[in-house]
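Thanks for coming. I will put the sequence and the structure up, and then walk through a few parts of the fold.

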Amino acid sequence: MHTHPHSAFNYNFRTPGSHVEGPIHFAFGQSSLGTVLVALSQRGVCAIFLGEESQELRHQLAAEFPDIKLQPGRASMNNELKQVIDFIDKGVTDGVIDLDIGGTAFQQNVWQVLCGIRAGKTRSYSDVARDLGRPEAVRAVAGACAANVLAIAIPCHRLVRRDGSTSGYRWGVERKRALLKEEATEMCVEFSQ
């Protein structure tokens, strides 16, 4: 388990390649970035999806976890849903959210580097590849970002092209720009106080 200082999340990485413990319960809510789907396994929040339309997000969840039983969330999921939406909208949570993180060993290594990028900062894909001692693996780093199912919690939105321009984002480039702008604004407010 990894927790970064002042983090809203406990980063629980499963053994690389292992499957999530189902069933997965899921619930929808509304945030400043649109519809949010939060999915909960036996070990914690295993997916956070952003989009326009709940049915489309439900299809994405089924595609991501094809062999796991999916169940609409019970009332006890309200807490996780509220915490995730609070984090998206306000940058803070009431308590710490347990994450259940899968992926390959390489993907997990990329995601751990991303989790070390502070809000208001960005890095390039090639920076991360270098950090991992694999400077040639820029495309693989981008692939790990595309495979991330935990929007915001694993902050792929903080990766930009080497020239600083905003590139693709699983949940839409406009959302990525909005997140980066919001985080930059929050940092300015913190420094001015």
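Let me start with helix α5, which spans residues 138-147. This is a predicted model, so everything I say is about the prediction. Which residues of α5 are buried? They are Val-141, Ala-144 and Cys-145. These three cover an arc of only 100° around the helix axis, which puts them on the same side of α5. The general background is that an α-helix has 3.6 residues a turn, so residues three or four places apart point the same way. As for what that buried side meets, the buried residues of α5 pack against α3, residues 105-115, against α4, residues 125-131, and against β8, residues 159-160.

Now α3, since α5 packs against it. The buried residues in α3 are Gln-107, Gln-108, Val-110, Trp-111, Val-113, Leu-114 and Cys-115. Two glutamines, Gln-107 and Gln-108, are therefore on the buried list, because buried here means under 20% relative accessible area. What covers the buried residues of α3 includes the strands β1, β6 and β8 and the helices α4 and α5. In residue numbers, β1 is 9-13.

Helix α4 has come up twice, so here is one residue from it. Ser-126 sits in α4. Is Ser-126 buried or exposed? It is buried, with a relative accessible area of 8%. Leaving aside residues up to four places away in sequence, Ser-126 touches Val-138 and Arg-162. Val-138 falls in the range of α5, 138-147. There is also Arg-161, 35 residues from Ser-126 in sequence, with the two C-alpha atoms 8.2 Å apart.

Next, the loop between α5 and β8. Ile-152 is placed there. The backbone at Ile-152 has a positive phi of about 70°, although the residue is not a glycine. Ile-152 has a relative accessibility of 7%, and so counts as buried.

Past β8 comes the loop that leads to α6, and I have two glycines from it. Gly-164 is in this loop, and at 47% relative accessibility it counts as partly exposed. From Gly-164 to Thr-122 is 42 residues in sequence and 8.4 Å in space, C-alpha to C-alpha. Gly-172 is in the loop between β8 and α6 too. Gly-172 is also partly exposed, with a relative accessible area of 27%. Its C-alpha atom is separated by 9.9 Å from that of His-157, and the two residues are 15 apart along the chain. Helix α6 itself covers 173-192.

Two items from elsewhere in the chain. A cis peptide bond joins Gly-22 and Pro-23, with omega at about 0°. Pro-23 lies in the loop between β1 and β2, and β2 is residues 24-31. The other item is Lys-90, in helix α2, residues 78-90. Lys-90 is exposed, at 52% relative accessibility. Between Lys-90 and Ser-32 there are 9.5 Å from C-alpha to C-alpha, and the two are 58 residues apart along the chain.

On to the second largest pocket. How much space lies in it? About 390 Å³. The second largest pocket is lined by 22 residues, and those nearest its centre are Arg-14, Glu-64, Phe-65, Gly-102 and Gly-103. The elements that give two or more residues to this lining are β6, residues 97-101, and α3. So α3 appears again: its buried residues are covered in part by β6, and both elements contribute to the pocket. By class, the lining has eleven nonpolar, seven polar and four charged residues.

Last, confidence. The average pLDDT of the protein is 89, and 93% of the residues score at least 70. Two stretches have a pLDDT below 50. Residues 1-5 are one of them, and beyond near neighbours in sequence this stretch has 14 contacts in the model. Residues 189-193 are also below 50, and that stretch has zero contacts beyond near neighbours in sequence.

That is what I have; I will leave the structure up for questions.

Notes
Residues numbered from 1 in each chain as written. Predicted model: local features only at pLDDT ≥ 70, side-chain atom pairs only at ≥ 80, totals over all residues. Heavy atoms only, no water. Buried < 20%, exposed > 50% of the residue type's maximum accessible area, 1.4 Å probe, protein only. Helix = DSSP H or I, 4+ residues; strand = E, 2+ residues; numbered from the N terminus. Arc of directions from axis to C-beta. Contact = heavy atoms within 4.5 Å. pLDDT = per-residue confidence, 0-100. 1 Å grid on protein atoms, 1.4 Å probe; cavity = no way out; pocket = protein on both sides within 12 Å on 5 of 7 lines; lining within 4 Å. Points joined across faces, edges and corners; volume = space filled by probe spheres on them. Nonpolar A, V, L, I, M, F, W, Y, C, P; charged D, E, K, R; others polar.
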